[in-house]
Amino acid sequence: MSRQDGTERAYDIVLFGATGFAGRLTAEYLAAHAPEGLRWAIAARDTAKLEQLREQLAAIDPACAELPVIRADVADPASLRDIAEHARVVATTVGPYLTHGEELLAACADAGTDYVDLCGEPEFVDLMYVRHDARARETGARLVHACGFDSIPHDLGAYFTVRQLPEGVPLTVDGFVRAEGMFSGGTFASALNQFSRGPQMLAAARDRRRHEPRAAGRRAYAPAGVPRYAKEVGAWAVPLPTIDAQIVQRSARALERYGPDFRYRHYAAVKRLPFAVGGIAAAAAVFTAAQVSPVRRRLSDRLRPGEGPSEEKRAKSWFSVRFVGEGGGRQVFTEVAGGDPGYGETAKMLAESALCLAFDDLLPTSGQVTTAVAMGDALIERLQKAGITFRVATAR
């Protein structure tokens, strides 16, 4: 494994997709919280919008008046290679990643450049593992997907919970998600795209399993579970078919701290049964509608990429993920909580992930890795300082 020398790169971080909804919020977070001396740049395909964003960032930090802007386009692979070759870390918010993401990731894998995104698309993550993990291991690049609400609270929350349990014994962790917030057009487009690609998603998962080594003598699995009343959290538990459980499972397979036999289940926690039933019905309706192209396009037109909730609505949003961990005769209840899950906190998580890779003293890793594997305790510490709660509620 070789790694790029940061002193030879022009930028510590390049934020690609900076003029989109999530990109602007991430840029604003960096402008307000970047450490002194951070060498960073914003990149997108529209130079005029980049310059307008730079003016807005200068109102947060006058030093941003000189912030470099880079024109780059997913349709121009040379521009993406130029970003990868001049950055230590590339953070991208440009989705759907299955449509727009591979060229930039491939460029980072080739250049030995660390990469973080907000991808919650299982098919894209699996395809990128098969196509680019080996190259990233050769160059030392760390390719870290799902660095937003998908899937940092769940991945690092399960990791945090495991750290409170005995070592070397079988462990189980259940995660229960409660949240109030809205999603942007980009998130909605990614979800609709994945809903419409069931066979392709399954094929990508099978191909990954053929290529991915398994840890000898250890097991980690994430069964879907069934709807049930969960007395441990006082709510109805509805299985969540998101990428989060897959990410937790991959962390558990990579890290011996999760024990010889680890199980994770992932739920939405709903206080009242009618809401639980209604949520399942609504999800089924959207999934069914996504299978029909004209209906899918009509739904996409209702909320276009680049659009999202207002600042007022984001200020009222929140999330809480409660974990119940058991093993070795011990039971522990933990919680990860914060504000607006989709955008305010997601921008914070993406920015802090990029800063963590750029500056923190981390264990050596490379290839496609999860946040728990690549950054673990260092990222938890950063997020706690940034206002996201990781706490042990009770233990016995």
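Helix α7 (residues 152-162) and helix α16 (residues 376-385) have axes that come within 11 Å and cross at roughly 115°. Such axes are lines fitted to C-alpha atoms, for helices over the stretch in contact, with angles running from 0 to 180 degrees between N-to-C directions. Helices (H or I, at least four residues) and strands (E, at least two) are DSSP runs, numbered from the N terminus. The crossing of α7 with α16 is left-handed, a term used if the near helix is turned anticlockwise from the far one by less than a right angle. On the α7 side, Ile 152, Leu 156, Tyr 159 and Phe 160 meet Gly 376, Asp 377, Leu 379, Ile 380 and Leu 383 of α16, where contact means heavy atoms within 4.5 Å. By class, this contact has seven nonpolar, one polar and one charged residues; Ala, Val, Leu, Ile, Met, Phe, Trp, Tyr, Cys and Pro count as nonpolar, Asp, Glu, Lys and Arg as charged, and the others, Gly among them, as polar.

The model is predicted: local features need pLDDT of at least 70 and side-chain atom pairs count only at pLDDT 80 or more, whereas totals for chains, interfaces and linings use all residues. Residues are numbered from 1 along each chain as its sequence is written, and side-chain values use heavy atoms, with hydrogens and water left out.

The protein has 16 helices and 15 strands. Of its 396 residues, 51% are buried; buried means under 20% relative accessible area, exposed over 50%, and partly exposed in between (1.4 Å probe, protein chains only). Among contacts between residues at least 6 apart in sequence, 81% join residues at least 24 apart.

**The loop between β6 and α7**

His 145 is found in the loop between β6 (142-144) and α7. This histidine counts as buried because its relative accessibility is 4%. Its side chain is joined to that of Asp 117 by a polar contact of 2.8 Å. A polar contact is a pair of N or O atoms within 3.5 Å; within protein, one must be able to donate a hydrogen and the other to accept it, and residues adjacent in sequence count only if both atoms are side-chain atoms. Leaving aside neighbours within four places in sequence, His 145 is in contact with Leu 105, Tyr 115, Asp 117, Cys 119, Phe 124, Val 125, Met 128, Gln 368 and Val 369.

Ala 146 is found in the loop between β6 and α7, and its relative accessibility of 2% makes it buried. Phi of Ala 146 is near 60°, a positive value in a residue other than glycine. Ser 151 also has its place in the loop between β6 and α7, and a cis peptide bond with omega about 5° joins Asp 150 to Ser 151. Another cis bond runs from Gly 95 to Pro 96, with omega near -5°; Pro 96 is placed in the loop between β4 (87-92) and α4 (97-100). Most residues other than glycine have a negative phi, and most peptide bonds are trans.

**Salt bridges**

A search of the whole structure finds 25 salt bridges, each being a side-chain nitrogen of Lys or Arg within 4 Å of a carboxyl oxygen of Asp or Glu. Three of the pairs are tabulated here.

| Basic residue | Acidic residue | Closest N to O |
|---|---|---|
| Arg 265 | Asp 174 | 2.9 Å |
| Arg 228 | Glu 232 | 3.3 Å |
| Arg 391 | Glu 335 | 2.8 Å |

Arg 391 lies in strand β15 (residues 389-395) and Glu 335 in strand β13 (residues 330-338), so their pair ties together parts that are 56 residues apart in sequence. Arg 391 is partly exposed, at 37% relative accessibility, whereas Glu 335 is buried, at 10%. Asp 174, Arg 228, Glu 232, Arg 263 and Arg 265 are joined into one network by salt bridges that share partners.

Within this network, Asp 174 is buried, at 5% relative accessibility, whereas Glu 232 is partly exposed, at 30%. Arg 228 lies in strand β9 (residues 228-230). Leaving aside neighbours within four places in sequence, Arg 228 is in contact with Asp 174, Phe 176, Ala 235, Trp 236, Ala 237, Arg 265 and Tyr 267. The C-alpha atoms of Arg 228 and Tyr 267, 39 residues apart along the chain, are separated by 9.8 Å.
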